[in-house]
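Me: Please give a close account of the salt bridges in this structure, with the burial state of the residues that form them. Then place that account in the wider setting of strands, core and surface.

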Amino acid sequence: MDLSAFVTIIADSDVVEWLPILRPTLRHRFIPRTNAKGEETGLAADQHNLHLTFLKDIRITMAYGMVENAHYQVPSPNRFASENARTLLLDSFWEGRLTFRETIVNIGRNRCLLPLPQDWTETGMEIPALRYGLARLIHELAGPPTIFDEYFSMSGMQRVNRRWP
């Protein structure tokens, strides 16, 4: 199976085809802690909040929720520029091996999970259909109870038929 087929299986799946498992996900990341002088004082452990198993093929799993940037700034003039945002990692695994990593942006004070565009503009941000499907799936599985398509449209993003990844 190639990467495109792997991502297509995930992006085209339905919410009921995934079994969620909350922490611990046992997929840790260790980050050095530093003091005000810049000296290393220890390690901080971080992990995903959620682990998901694809019920149609248990070799496919995902982990979601590890913070990439806790203070992400959506650039102006986008309508969400003045609101709190953060980027989170969505890791996809084949037989336990990391196969694909996508960055998801949590915008609007935790009102929606969206794909992170390459460049933020006021309108016309083109998002490939598979990337759209992946972000929509994780929004429905782990996001707030809002309507994904409304926020996708309000952000100025448009779904396009373009090869990705």
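Reply: In this predicted model, Arg162 has a relative accessible area of 43%. Arg162 therefore counts as partly exposed, as this value falls between the limits of 20% for buried and 50% for exposed residues. The partner of Arg162 is Glu126, and their side chains form a salt bridge with an N to O distance of 3.1 Å. This pair connects distant parts of the chain, since Glu126 belongs to strand S9 (residues 125–128) and Arg162 to the segment that follows strand S10 (157–160), 36 residues apart. Glu126 is likewise partly exposed, with a relative accessibility of 44%.

The model contains eleven salt bridges. In general terms, side chains of opposite charge can pair when their charged atoms come close.

Another of these links joins Arg101 and Asp91, whose closest N and O atoms are 2.6 Å apart. Here too the pair spans distant parts of the chain: Arg101 is in strand S7 (residues 97–107), Asp91 is in strand S6 (residues 85–94), and ten residues separate the two. The burial states of the partners can be set side by side. Asp91 is buried because its relative accessibility of 4% is under 20%. Arg101, at 44% relative accessible area, is partly exposed.

Asp57 and Arg59 also meet through their side chains in a salt bridge, at 2.9 Å from N to O. With a relative accessible area of 17%, Asp57 lies under the 20% limit and so is buried. Arg59 is partly exposed, at 39% relative accessibility. In addition, salt bridges link Glu83, Arg109 and Arg111 in a network.

The hairpin of strands S2 and S3 offers a view of another arginine. Arg33 is located in strand S2 (residues 28–34). Strand S2 runs antiparallel to strand S3 (residues 40–47), and seven bridges join the two. Within this pairing, the residue of S3 opposite Arg33 is Gly42, while Phe30 faces Ala45. Although Arg33 and Leu43 are ten residues apart along the chain, their C-alpha atoms are separated by 5.3 Å. If residues up to four places away in sequence are left out, the contacts of Arg33 are Glu39, Glu40, Thr41, Gly42, Leu43 and Ala44. Five residues lie between the two strands of the hairpin, and Gly38 adopts a positive phi near 90 degrees.

Strand S3 also holds Gln47. This residue is buried because its relative accessible area, 13%, is under the 20% limit. Beyond its neighbours within four places in sequence, Gln47 makes contact with Arg23, Pro24, Thr25, Leu26, Arg27, His28 and Met66.

A contrast in accessibility is provided by His71, a residue of strand S5 (residues 60–72). At 70% relative accessibility His71 is over the 50% limit and therefore counts as exposed. Between the C-alpha atoms of His71 and Leu113, which are 42 residues apart along the chain, the distance is 15 Å.

The nonpolar residues complete this account. The largest nonpolar core comprises 40 residues, and Ile10, Trp18, Val105, Leu114 and Trp120 have the most contacts inside it. Helix H2 (residues 129–142) supplies the largest share of this core, namely six residues. Apart from its neighbours within four places in sequence, Ile10 touches Trp18, Ile60, Met62, Ser92, Leu134 and Leu137.

On the surface, Leu19, Ile21 and Leu55 make up a nonpolar patch with a combined accessible area of about 260 Å². One of its members, Leu19, is part of strand S1 (residues 18–22). Leu19 is partly exposed because its relative accessibility of 42% falls between 20% and 50%.

To return to the pairs described above, both partners are partly exposed in the bridge of Glu126 and Arg162. In the bridge between Asp91 and Arg101, by contrast, the aspartate is buried and the arginine is partly exposed. The bridge between Asp57 and Arg59 likewise joins a buried aspartate to a partly exposed arginine.

Terms used: Residues numbered from 1 in each chain as written. Predicted model: local features only at pLDDT ≥ 70, side-chain atom pairs only at ≥ 80, totals over all residues. Heavy atoms only, no water. Core = buried A, V, L, I, M, F, W, Y, C linked by side-chain atoms within 4.5 Å. Buried < 20%, exposed > 50% of the residue type's maximum accessible area, 1.4 Å probe, protein only. Helix = DSSP H or I, 4+ residues; strand = E, 2+ residues; numbered from the N terminus. Contact = heavy atoms within 4.5 Å. Patch = residues over 30% accessible without salt bridge, like charges linked within 9 Å, V, L, I, M, F, W, Y side chains within 5 Å. Areas by Shrake-Rupley, 256 points an atom, 1.4 Å probe, with all protein chains shown as cover. Salt bridge = Lys/Arg side-chain N within 4 Å of Asp/Glu carboxyl O. Pairing = 2+ DSSP bridges.
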